[in-house]
Amino acid sequence: MLTVFAVAVLLVLGTTNHASALDHKNLDEGRPLRLEDAYSIATGELTIETGGGFALQRRGPARGVFPVELLYGAYPNLQLSVGTLLSTDPHDIEDRPKSGDLRFSALYNFNQETIALPAFAVKLGVDTPTGMDARGYAIELKGIITKSIQRLSLHLNAGYEFLTSTGRGERDGRYHLALGASYPLGAPKFTRLTLVGDVFAEQSGRRGEAPVVGTEVGLRYQLTPRVVWDVGIGTEFAGPAHRSDLFLTTGFSLGF
């Protein structure tokens, strides 16, 4: 799995030849929340996003997680990425993605925001069974809407994931919803810090179980023109017994 990821990184590195500044106001999935906005990174821009975190399970031991993802602005409005997530207890993960699964995705922005219309993007993601105890593929199609009210930006993410291989009692598809907002603190004089928050709902992977419902809040801080630090914390306050009472993540986005 790590060899495949390294090859993908080298292929993308070979196609880019200039650096650009990162924007802490842009939201990418997992940095630090699951919420993302409808905009792709700039054409030719290469970003590596990595970090670490933990989840306190309602049932079972605490779990450490270590995500890493490579994003590339392939064409105007088109963003490609490859990533994976490693866990300290890979055999205890019940839902996808499994620890070590490679995820490939493409995000395309169909329109920029206007006074009348929000920005709209579609994201296609494919999880491959390269991880621990993984089987089959997971294909997710997600619609992303972003609309601004002065400096406040509202975001809606709505996706559905199709599974190609399931066990007894497992669903062959499930929905993912997230509704949230982002706001640059200190604007217009001080614009290096953005506050982000959302509420989310995810259909459980097993039939008969209630959906997971939770909330999370975080921030993104511009350390340098090419480095953004993030931190987020959240809870799953409703759902099956194996949900997380508390989870926290922190990490960096590095532009090249």
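Glu36 and Lys142 are both buried in this predicted model. Their side chains meet in a salt bridge, with N and O 2.8 Å apart. The pair links distant parts of the chain, since Glu36 lies in the loop between H1 and S1 and Lys142 in strand S6, 106 residues apart. Side chains of opposite charge can pair when their charged atoms come close.

Glu36 has a second partner in Lys123, and here the closest N and O atoms are 3.3 Å apart. This pair, too, links distant parts of the chain: Lys123 belongs to strand S5, Glu36 to the loop between H1 and S1, and 87 residues separate them. Glu36 has a relative accessible area of 2%; buried means under 20%, so Glu36 counts as buried. Lys123, at 6% relative accessibility, is likewise classed as buried. Together with Glu29, the residues Glu36, Lys123 and Lys142 are linked in a network of salt bridges.

The structure holds 13 salt bridges. One of them joins Arg34 to Glu202, with the closest N and O atoms 2.6 Å apart. Arg34 lies in the loop between helix H1 (2-13) and strand S1 (46-57), and Glu202 in strand S9 (residues 193-202), so the salt bridge ties together parts that are 168 residues apart in sequence. Arg34 is partly exposed, with a relative accessible area of 21%. Glu202 is also partly exposed, at 22% relative accessibility.

The strands named so far belong to a wider arrangement. In the order S1-S2-S3-S4-S5-S6-S7-S8-S9-S10-S11-S12, 12 strands close into a barrel with antiparallel pairing. On average, and with direction ignored, neighbouring strands of this sheet are turned by 20° against each other. Strands of a sheet pair through backbone hydrogen bonds, either parallel or antiparallel.

The stretch from S4 to S7 shows the pairing in detail. Strand S4 (residues 102-111) runs antiparallel to strand S5 (residues 119-128), and 9 bridges connect them. Ser105 has Gly125 of S5 as its bridge partner. On to strand S6 (residues 138-149), S5 is joined by 9 bridges, again in the antiparallel sense. Here Val122 is matched with Gly143 in S6. Between S6 and strand S7 (residues 152-163) there are 12 bridges, and the pairing is antiparallel. Ile149 finds its bridge partner in Leu152 of S7. The hairpin of S6 and S7 has 2 residues between the strands, and Gln150 takes a positive phi near 55° there.

Nonpolar side chains form separate groups. The largest nonpolar core has 9 residues in all: Leu27, Leu33, Leu35, Ala55, Ala178, Val196, Phe200, Val212 and Phe247. Apart from it lies another core, of 7 residues, including Leu46, Tyr72, Val82 and Leu102. With residues up to four places away in sequence left out, Leu33 touches Asp28, Val196, Gly197, Asp198, Glu216, Val217, Gly218 and Gly232.

A last stop is Ala238, which has its place in strand S11 (residues 227-238). At 26% relative accessibility, Ala238 counts as partly exposed. Its contacts, not counting residues up to four places away in sequence, are Pro211, Val212, Val213 and Arg243. From Ala238 to Leu124 the distance is 28 Å, C-alpha to C-alpha, and the two are 114 residues apart in sequence.

Note on methods: Residues numbered from 1 in each chain as written. Predicted model: local features only at pLDDT ≥ 70, side-chain atom pairs only at ≥ 80, totals over all residues. Heavy atoms only, no water. Pairing = 2+ DSSP bridges. Helix = DSSP H or I, 4+ residues; strand = E, 2+ residues; numbered from the N terminus. Axes fitted to C-alpha atoms, helices over the stretch in contact; angles between N-to-C directions. Buried < 20%, exposed > 50% of the residue type's maximum accessible area, 1.4 Å probe, protein only. Contact = heavy atoms within 4.5 Å. Core = buried A, V, L, I, M, F, W, Y, C linked by side-chain atoms within 4.5 Å. Salt bridge = Lys/Arg side-chain N within 4 Å of Asp/Glu carboxyl O.
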